[in-house]
Amino acid sequence: MNTEVNFAGIKMKNPVTVASGTFGYGREYSQFFDLSKLGGIITKGTSLKPRDGNKPSRIYETPSGMLNSIGLQNPGVEYFITHDLPWLKTQNVAIIVNACGSTIEDYVELCKILNKTDIDGVELNLSCPNVKAGCLAFGTTYEGVKEVTSKVRKVLDKPLIVKLTPNVTDITLPAKGAEDAGADAVSLINTLLGMSININTRKPYLANNTGGLSGPCVKPVAVRMVYQVSQAVNIPVLGMGGIINGDDAIEFMLAGASAISIGAGNFIDPYTSVNTVKGIEEYMKKHNIENINDIVGKVEMN
Amino acid sequence: MPVQLHAKLIKKEQLKPDIFKFSMSAREIVDIAKPGQFIEIRVTEGIDPFLRRPISIYNMDKENGILEIIFRVQGRGTEILSRKKEEDLIDIVGPLGYGTFKLEEYKNIAILGGGIGVFPLYELAKNASKKITVNTYLGFRNKEAVLLEDEFKEVSNKLVITTDDGSYKVHGFAINELKKDLKENKIDAIFACGPLPLLKAAQNLAKETNIPCQISLEEKMGCGLGVCLGCAVEVVTGGYEHVCKQGPVFDSNKVII
Ligand SMILES: Cc1cc2nc3c(=O)[nH]c(=O)nc-3n(C[C@H](O)[C@H](O)[C@H](O)COP(=O)(O)OP(=O)(O)OC[C@H]3O[C@@H](n4cnc5c(N)ncnc54)[C@H](O)[C@@H]3O)c2cc1C
Ligand SMILES: Cc1cc2nc3c(=O)[nH]c(=O)nc-3n(C[C@H](O)[C@H](O)[C@H](O)COP(=O)(O)O)c2cc1C
Ligand code: FES
């Protein structure tokens, strides 16, 4: 049985990665299991300079999911390089850094720095709904995505994954922008913009008023978008949105994802990601699948 | 280092119509947990409610590996939890929080609790009272709300109970009784947990008197492990720390609440 994947040039033991912002830089979950059991780790969104993030409350639970408005709190890329990267490198797992910025110059500067490090790839976050400037502004149009991606492409030799927002009318357009600018892959979906109101105080629960929705409640939307994007572009897709077990992962792969990420699912059980690896293997056994890559995009539409 | 385990519910008691005490078998957690730490409970195997619920450690029987919690039915999650039966297995992760109550070299401490905020203070009082002087001040809404009086009496050199409406023991706020005693007794440190007004009052008292004060905070949590950065609390030096990581217990001078 072969679960190895070569995702956009990143070699991984299996197609299971953990999604940005839901796994920190890996240390906390390494208390529960050996990180080398995963295909890859996508770090917390990391910017050129440290960011404080948004005011609390930053989290609100919703039916089968959650809203968050963390606001990309992170210690900055230099801290990551000196403090977390050397340790992560000892963990024998692919390391993908989720890069975010407020201006095109930020993204370029950040990726220049990352290019000189020992990481395996960059996931360009053009899609965070929780920060006012940047990110989302570039991520919603073909032109916007193409412009940032092509400028980053010039300074980044490592595999480049562009992360897409679902908060658009037609997600295949930004996906094509990424492909046309030379991205090696796209990842989707980031969180869906949402809001919850406390009916007693008449105020939104999140201090930021709105936040990003994720968890199992978004899964059908994510599967549909992964299918659409994988039909529209020729670069591989990293699929995510509500995955909590092997069956969910297989569903995304059938829809067209070459690898998958687990986000909020990590919070409900620290072992969700490793159990997903096991679940994929069980599915392969049961359905006599020799090579996991064989199921990618094999949905049979009605 | 936190672990996940399925703890057997050995004993379930209903202390009030909406307050339950669970005694669970959780040796791996009890062996390493410290006063002030908490656990996160998954109340259902399904996905709704989605997130785990943070609940403080109330008491530990280190010898027998028993972990006790007390919780109030607040909403759907704690309501589901309250329906668990003895012998059921409960999915918990813990112990959590690196910011624990620290007794340092204190000789005389004051413990200040309000309402359901008294739970995390018991293990602290129990440990402290074996070595040093513990004065405990607990405030409740009214007579019906008074909790754990006998338990705290046993682990305190002095116990003062107040009620907001005067329906039981001293009429007024617990912190005012503590303030009165400060005039006569030397107190080296204050340990507080309770509703926000109580914590703010404790914070002010600490500032005015220069007595060190450790407060236990609450915030909505995603992971409970320090990865999602959801449970942010503003700190005076700028930026945020996190209740599940640097907390739940903070130096009162450090945080903006
Ligand atoms: C570190 C810590 C220790 C705690 N210890 C105890 C304890 O020992 N006993 C006890 O009775 N309660 C304790 N609480 C509060 C307890 O976590 C909440 O009452 C509980 O999460 C409510 O869940 P629910 O589904 O019943 O309520 P709902 O109001 O339906 O919950 C909705 C969402 O808000 C969250 N939430 C609601 N209230 C709180 C709160 N006060 N703090 C954090 N999240 C909240 C829930 O976890 C859930 O995600 C503690 C909270 C924290 C942060
Ligand atoms: C608490 C939290 C923080 C997140 N932070 C980031 C981030 O920093 N960068 C990013 O690109 N996506 C971030 N995301 C989005 C996730 O990586 C993922 O795209 C999304 O949550 C969907 O997956 P899920 O349903 O499995 O959680 C965050 C999500 C959550 C829940
Ligand atoms: S709850 Fe995730 S960092 Fe505290």
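**Figure 1. Ligand 1 and its surroundings in the predicted model.** A polar side-chain atom of B:Arg53 is placed 2.8 Å from an oxygen atom of ligand 1. The structure shown in this and every following view is a predicted model. Two backbone contacts accompany that of the B:Arg53 side chain: a polar backbone atom of B:Pro54 lies 2.6 Å from an oxygen atom of ligand 1, and a polar backbone atom of B:Arg72 lies 2.8 Å from an oxygen atom of ligand 1. On its own, ligand 1 has 830 Å² of accessible area, and the protein covers 87% of it. Ligand 1 is located between chains A and B.

**Figure 2. The shell of residues around ligand 1.** Around ligand 1 there are 20 residues, of which the nearest are B:Pro54, B:Arg72, B:Gly77, B:Thr78 and B:Glu218. Three elements of chain B, namely strand S4 (53–56), strand S6 (66–72) and helix H2 (76–82), each contribute at least two residues to this shell. S4(B) gives the largest share, with four residues. By residue class, the shell comprises eight nonpolar, five polar and seven charged residues.

**Figure 3. Ligand 2 in a site shared between chains.** Ligand 2 is surrounded by 23 residues, and the closest of them are A:Ser20, A:Lys163, A:Gly215, A:Gly242 and A:Ala264. The site is shared between chains because residues from both chain A and chain B surround ligand 2. Two of the closest residues also make polar backbone contacts. A polar backbone atom of A:Ser20 is 2.8 Å from an oxygen atom of ligand 2, and a backbone N or O atom of A:Gly242 is 2.6 Å from an oxygen atom of ligand 2. A further backbone contact involves A:Gly45, in which an N or O atom lies 3.2 Å from an oxygen atom of ligand 2. Of the 610 Å² that ligand 2 exposes when taken alone, the protein buries 98%.

**Figure 4. Extent of the interface between chain A and chain B.** The size of an interface is often expressed as the accessible area that is lost when the parts come together. Here, the area buried between chain A and chain B is about 2800 Å², and carbon and sulfur atoms give 60% of that area. Three residues, A:Gln31, A:Glu61 and A:Ile268, supply 23% of the area that chain A buries against chain B, more than any other three residues. In terms of contacts, 36 residues of chain A meet 31 residues of chain B.

**Figure 5. Polar and charged pairs across the interface, and the side contributed by chain A.** Three salt bridges are found across the interface of chain A and chain B. One of them joins A:Lys55 to B:Glu234, with the closest N and O atoms 3.7 Å apart. Ten residue pairs are in polar contact across the interface, with both residues at pLDDT 80 or more. On the side of chain A that touches chain B, helix H1 (27–30), strand S5 (59–62), strand S6 (65–68) and helix H9 (265–268) each supply at least two residues. S5(A) supplies the largest share of that side, four residues. The residues of this side of chain A comprise 16 nonpolar, 13 polar and seven charged.

**Figure 6. Surroundings of A:Arg153.** A:Arg153 is part of helix H5 (residues 142–155) of chain A. A polar atom of the A:Arg153 side chain lies 2.8 Å from the backbone oxygen of A:Leu156. When residues up to four places away in sequence are not counted, A:Arg153 touches A:Lys158, A:Leu160, A:Ala181, A:Gly182, A:Ala183 and A:Asp184.

**Figure 7. Backbone geometry at three positions.** Most peptide bonds are trans, and most residues other than glycine have a negative phi. In chain A, the peptide bond that joins A:Leu188 and A:Ile189 is cis, with omega about 10°. A:Ile189 belongs to the loop between strand S10 (185–188) and strand S11 (192–195) of chain A. In chain B, a cis peptide bond with omega about 5° joins B:Gly247 and B:Pro248. B:Pro248 is found in the loop between strand S15 (240–242) and strand S16 (249–251) of chain B. The third position is A:Asn288, a residue other than glycine with a positive phi, near 55°. A:Asn288 is located in the segment after helix H10 (272–286) of chain A.

Terms used. Residues numbered from 1 in each chain as written. Chains lettered and ligands numbered in written order. Predicted model: local features only at pLDDT ≥ 70, side-chain atom pairs only at ≥ 80, totals over all residues. Heavy atoms only, no water. Contact = heavy atoms within 4.5 Å. Buried area = accessible area lost by both parts, 1.4 Å probe. Salt bridge = Lys/Arg side-chain N within 4 Å of Asp/Glu carboxyl O. Polar contact = N/O pair within 3.5 Å; in protein donor to acceptor, adjacent residues only side chain to side chain. Nonpolar A, V, L, I, M, F, W, Y, C, P; charged D, E, K, R; others polar. Near = heavy atom within 4 Å. Areas by Shrake-Rupley, 256 points an atom, 1.4 Å probe, with all protein chains shown as cover.
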